[in-house]
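Welcome, and please open your viewer. We will go from one selection to the next and look at what is there.

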Amino acid sequence: MTVYEPGYEEVPLEPGRRWAPVRHRWCYALGRPDHRFHVVCVTGDHLGPAGLPPDAAPEADDEPTAGFDATVALAFTPLERSVIAAYYDSFARLPRPATLEPRSHDEAARRLGRSRDSTRKAIERVNDKIAAAHDAPAIATGRNVSAEIGRWLARSGALDPDLVHAE
């Protein structure tokens, strides 16, 4: 059995190892690697790290989902949110796609119905906002799009439909 949250790697759930989802949306997979059954979960009673009793707090672990990350508050315009979705929406998809890569500038522009230059200018503004955030990936500059930025956006909650609010 494995568990997955957008922005993190899929990890095996092992006996004796504590695991709690950071976000409300997550999934688990059962079965052989070549024939998996995915269950998408939405937990409405999720308490987060403050709701855990002291003896249930996650221990330090090498796995990225072992700890709780704070939600990063980023304010994006409606166009910027559309551009982020055009490039990175697969990073928030459950169950996890087999390949996680951002779309190309041409594909993102086609999905938005905008010119390539307009889309690239919007991703520059998005990267400027990301770069100003705490622990932002260093690659978030200019017109760069990367899997590292997509994972960071998913971990930060910027791609989570439950956390994204209009400006």
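Start by selecting S146, which sits in the loop between α3 and α4. Keep in mind that this is a predicted model. Is S146 buried or exposed? Its relative accessibility is 12%, and buried means under 20%, so S146 counts as buried. Now show what surrounds S146: leaving out residues up to four places away in sequence, it touches Y88, P102 and I139.

Next, stay with Y88 and bring up the largest nonpolar core, which has 26 residues. Y88 is one of the members that touch the most others, together with I84, F91, I130, L153 and L159. Colour three helices to see where core residues come from: α1 (78-88), α3 (116-131) and α4 (147-156) each supply at least two.

From that group, pick I130. Which residues does I130 contact beyond its neighbours within four places in sequence? They are L74, F76, A136, P137, A140, I149, W152 and L153.

A second core, separate from the other, has five residues, including V3, V11, W26 and C41. Select those four by name to find it.

For the last stop, show α1 and α3 together. Their axes come within 9 Å and cross at roughly 100°, so the two helices are roughly perpendicular to each other. On the α1 side, select L79, E80, V83, I84, Y87 and Y88. On the α3 side, select T119, R120, A122, I123, R125, V126 and K129. Colour this contact by residue type and you will find eight nonpolar residues, one polar and four charged.

Technical notes
Residues are numbered from 1 along each chain as its sequence is written. This is a predicted model: local features need pLDDT of at least 70, side-chain atom pairs count only at pLDDT 80 or more; totals for chains, interfaces and linings use all residues. Side-chain values use heavy atoms; hydrogens and water are left out. A nonpolar core is a set of buried Ala, Val, Leu, Ile, Met, Phe, Trp, Tyr and Cys residues joined through side-chain atoms within 4.5 Å. Buried means under 20% relative accessible area, exposed over 50%, partly exposed in between (1.4 Å probe, protein chains only). Helices (H or I, at least four residues) and strands (E, at least two) are DSSP runs, numbered from the N terminus. Contact means heavy atoms within 4.5 Å. Axes are lines fitted to C-alpha atoms, for helices over the stretch in contact, and angles run from 0 to 180 degrees between N-to-C directions. Angles under 35 degrees count as roughly parallel, over 145 as roughly antiparallel, 65 to 115 as roughly perpendicular and the rest as oblique. Ala, Val, Leu, Ile, Met, Phe, Trp, Tyr, Cys and Pro count as nonpolar, Asp, Glu, Lys and Arg as charged, and the others, Gly among them, as polar.
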